[in-house]
Amino acid sequence: MERNAAQEKAIHHSSGPMMLLAGPGSGKTTTMIRRIRALLSEQHINPANILVVTFTKAAAREMKERFEKLCEKEGEQQNYRQVTFGTFHGIFYGILRHAYGLSRNNIISEERRYDMLKEIVYALRIETEDEKELFEGLAGEISEVKNSRIPLEHYYSKNCPDEVFRRIYTEYVSGCRKARLLDFDDMLLYCYDLLTQRPDILAGWQKKFRYILVDEFQDINKLQYDIVKMLAAPDNNLFIVGDDDQSIYAFRGAKPEIMMHFPKDFPTVQTELLACNYRSTKRIVEAAGKVIGHNK
């Protein structure tokens, strides 16, 4: 695929923050892997100092495979396999594992998580017509409180009286800590706490990950963003890619406005728009544009 001017600028961006607005079919993955390749070949960055974050294991695996095929095709001599690809949860859990000596046995299963909630709800004698709906609702609210770092006293439950929810939340968190168990939200929350409370550990990871690239940035939540900002400081070599016309993870705390406010947090950011769709016909692009045009 022939690269356009915006892609070239993104690929060869040297240092500091950059925001790449990329719609569907605009070649964002190709641009990202070419960007990583340019960091190695043009700026001679140690591959071990590059971190690439995605939202799913499948996306991380695909991007890693495409990057390594590109390096093999172009005869890259450096140890390009040292570039780190992973999900937010995977990367942050890795940081916790190094600090606390954790293993997979410390990750709570969904079955055990629901069993703990059941025990708490039954002990409080909470009546409900649909247990499954209640437990799923409570699990979602616990996740929302953690990911948005909402003070418990300021959270108002949708599934039960506020004081009851606060007691459920407190007992659930206490039970996990006593059993030395982490749920997926704890991987983020405890990582944030660790990096804010231990400047020495934070400095070590900042030195390790000097260049950070984040895909699907429109789906990031506040906790993930706060951790990424800490890791990227002080050089702020933060390269974000996302589509400001879409977001699918609001149910787990994603805040599209974080991307919209990125230039305020990083005033020196360079912004590029990948406006050319290489995947769809003109008719499809125009129809989609008419639908998106009604977004508020």
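In which sense, parallel or antiparallel, do strand β1 and strand β5 pair, and over how many bridges? In this predicted model, β1 and strand β5 (residues 238-242) run side by side in the parallel sense, and four bridges join them. Within that pairing, methionine 18 of β1 has phenylalanine 239 as its bridge partner in β5. β1 also pairs in the parallel sense with strand β6 (residues 270-274), here over five bridges, and methionine 18 stands opposite glutamine 270 in β6.

The surroundings of β1 can be read from its side chains. In a regular strand the side chains alternate between the two faces of the sheet. Met18, Leu20 and Ala22 lie on one side of β1, while Met19 and Leu21 lie on the other, and all of these residues are buried, which leaves both faces of the strand covered. Because five of the five residues of β1 (residues 18-22) are buried, the strand is largely enclosed by the rest of the structure.

From the strands we can turn to the charged side chains. Side chains of opposite charge can pair when their charged atoms come close. The model contains 19 salt bridges, and a useful place to begin is arginine 113, whose side chain meets that of glutamate 110 in a salt bridge with a distance of 3.7 Å from N to O. Both residues belong to helix α5 (residues 110-123), where they are three residues apart, or about one turn of the helix. Their surroundings can be described separately: arginine 113 has a relative accessibility of 9% and therefore counts as buried, whereas glutamate 110, with a relative accessible area of 41%, is partly exposed.

Arginine 113 also forms a salt bridge with aspartate 185, and in this pair the closest N and O atoms are 3.8 Å apart. This contact links distant parts of the chain, since aspartate 185 sits in helix α8 (residues 184-197) and arginine 113 in helix α5, with their positions 72 residues apart in the numbering. Both aspartate 185 and arginine 113 are buried.

Another salt bridge joins aspartate 200 to arginine 198, with 2.7 Å between the closest N and O atoms. Aspartate 200 has a relative accessibility of 46%, so it counts as partly exposed, and arginine 198, at 38%, also counts as partly exposed. Elsewhere, Lys28, Asp215 and Glu216 are linked in a network of salt bridges.

The cysteines raise another point. A disulfide is a covalent bond between the sulfur atoms of two cysteines. Why does cysteine 176 not form such a bond with cysteine 160? The sulfur of cysteine 160 is the closest cysteine sulfur to that of cysteine 176, but because the two are 17 Å apart, they are too far from each other for a bond. Cysteine 176 is buried, at 1% relative accessibility. Cysteine 191 is in no disulfide either, and its nearest cysteine sulfur, that of cysteine 176, is 18 Å away. Cysteine 191 is likewise buried, with a relative accessible area of 0%. The structure as a whole holds zero disulfides.

It remains to ask how much confidence the predictor attaches to the model. The mean pLDDT of the protein is 89, and 94% of its residues reach 70 or more. Confidence is highest in strand β4 (residues 211-214), at 98, and lowest in helix α13 (residues 282-292), where the mean is 83. Where pLDDT is low, the predicted coordinates should not be read in detail.

Key: Residues are numbered from 1 along each chain as its sequence is written. This is a predicted model: local features need pLDDT of at least 70, side-chain atom pairs count only at pLDDT 80 or more; totals for chains, interfaces and linings use all residues. Side-chain values use heavy atoms; hydrogens and water are left out. A salt bridge is a side-chain nitrogen of Lys or Arg within 4 Å of a carboxyl oxygen of Asp or Glu. Helices (H or I, at least four residues) and strands (E, at least two) are DSSP runs, numbered from the N terminus. Buried means under 20% relative accessible area, exposed over 50%, partly exposed in between (1.4 Å probe, protein chains only). A disulfide is a pair of cysteine sulfur atoms within 2.5 Å. Two strands pair if DSSP finds at least two bridges between them. pLDDT is the predictor's confidence in each residue, from 0 to 100.
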